[in-house]
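Visitor: I'd like a close look at one part of this protein, the nonpolar core and what sits against it. Please walk me through it slowly.

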Amino acid sequence: MENLILARHAEADHNVRGVLNGDRSVETHLTTRGREQARALGREAGPVDLVAHTEFGRTEETAALAWPGVPRLVVPDVNEIAFGRFEGTRWTDGYGEWARTFGPLDRCPGDGESRVEAVRRYLRGFRIVLERPEDTVALVAHGAPVRYVLLAVEGRPPQSVLDNVPPAQPFPLRRDAFERALELIERWAREPAWA
C-alpha cells in the first residue's frame, strides 16, 4: 500500500439513537442520510484498488456504497471496541465517566475491553492494511481507531476521551505518514498511560 483513504463509517441507526454498539451480533444499518454519505465518500475520495472494512455491517455497507464493484477485505482486528456492560447505552449513561476515570489498562466492566487491548488489536489490523500489495487502499472503520491514527499523525498518543470523527469523511494518508503514526501508537501501547 502506498496511499490510504481512512474513514469512519457513515451514519447508522444506532448513531441516531445515540447508543454505543461494540457487539457485531447487534445489527445496525445505515440511515438514508448515511447511505448518501457513503456514496459521497466514494465520490470525494476517488478511486481505490481495495476497500478494507471491519466485520460490522455499517462499515461493510459504507464500503460497498462508496466503492461499488471494488474488491473488499474484512479486517476483524479493527472492529469496534467491546463496551461490556455499557453496550446499548448512551455515552452519558456511564461509559463517558468510566472512560475519563479509568486507565488504559483497565478492562471495561462486564467483559469489555481495555483501551490498550483494543489499540493493540487495531495495530494488528492496521499492519494488515499497510502490507497490502494494492497501491491505494481505503479502510472504513469506527471512530476510535480512526481517531487514534489521526492523533498520531499530529504526533499525539491515544487519549482517554476521543473527539468524534465525522461520518464518511475521507482522510488521505501516504504510506510514510501512516507508518510514522503506527510507530507512535506502538510506542504508547508498550507503555500505555494517558497524557
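**Starting from one leucine**

Guide: Let's start at Leu4: skipping neighbours within four places in sequence, Leu4 is in contact (heavy atoms within 4.5 Å) with Val129, Val137, Leu139, Phe171, Pro172, Leu173 and Phe178. Bear in mind that this is a predicted model, where local features need pLDDT of at least 70 and side-chain atom pairs 80 or more, while totals for chains, interfaces and linings use all residues. Numbering runs from 1 along each chain as its sequence is written, and side-chain values use heavy atoms, leaving out hydrogens and water.

Leu4 belongs to the largest nonpolar core, 42 residues in total, and is among those with the most contacts inside it, along with Tyr95, Phe126, Val129, Leu139, Val149 and Phe178. Such a core is a set of buried Ala, Val, Leu, Ile, Met, Phe, Trp, Tyr and Cys residues joined through side-chain atoms within 4.5 Å. Elements giving two or more residues include β1 (3–8), β4 (136–141) and α7 (175–190), but α5 gives the most, with eight. A second, separate core of 16 residues includes Leu30, Trp67, Val70 and Ala168.

β1 also helps cover the buried residues of α2, as does α3. Those residues are Gly34, Gln37, Ala38, Leu41 and Gly42 (buried is under 20% relative accessible area, exposed over 50%, with a 1.4 Å probe and protein chains only). They span an arc of only 140° around the axis, so they lie on the same side of α2. Thr32, Arg33, Arg43 and Glu44 are exposed on the other side.

Conventions. Helix = DSSP H or I, 4+ residues; strand = E, 2+ residues; numbered from the N terminus. Arc of directions from axis to C-beta.
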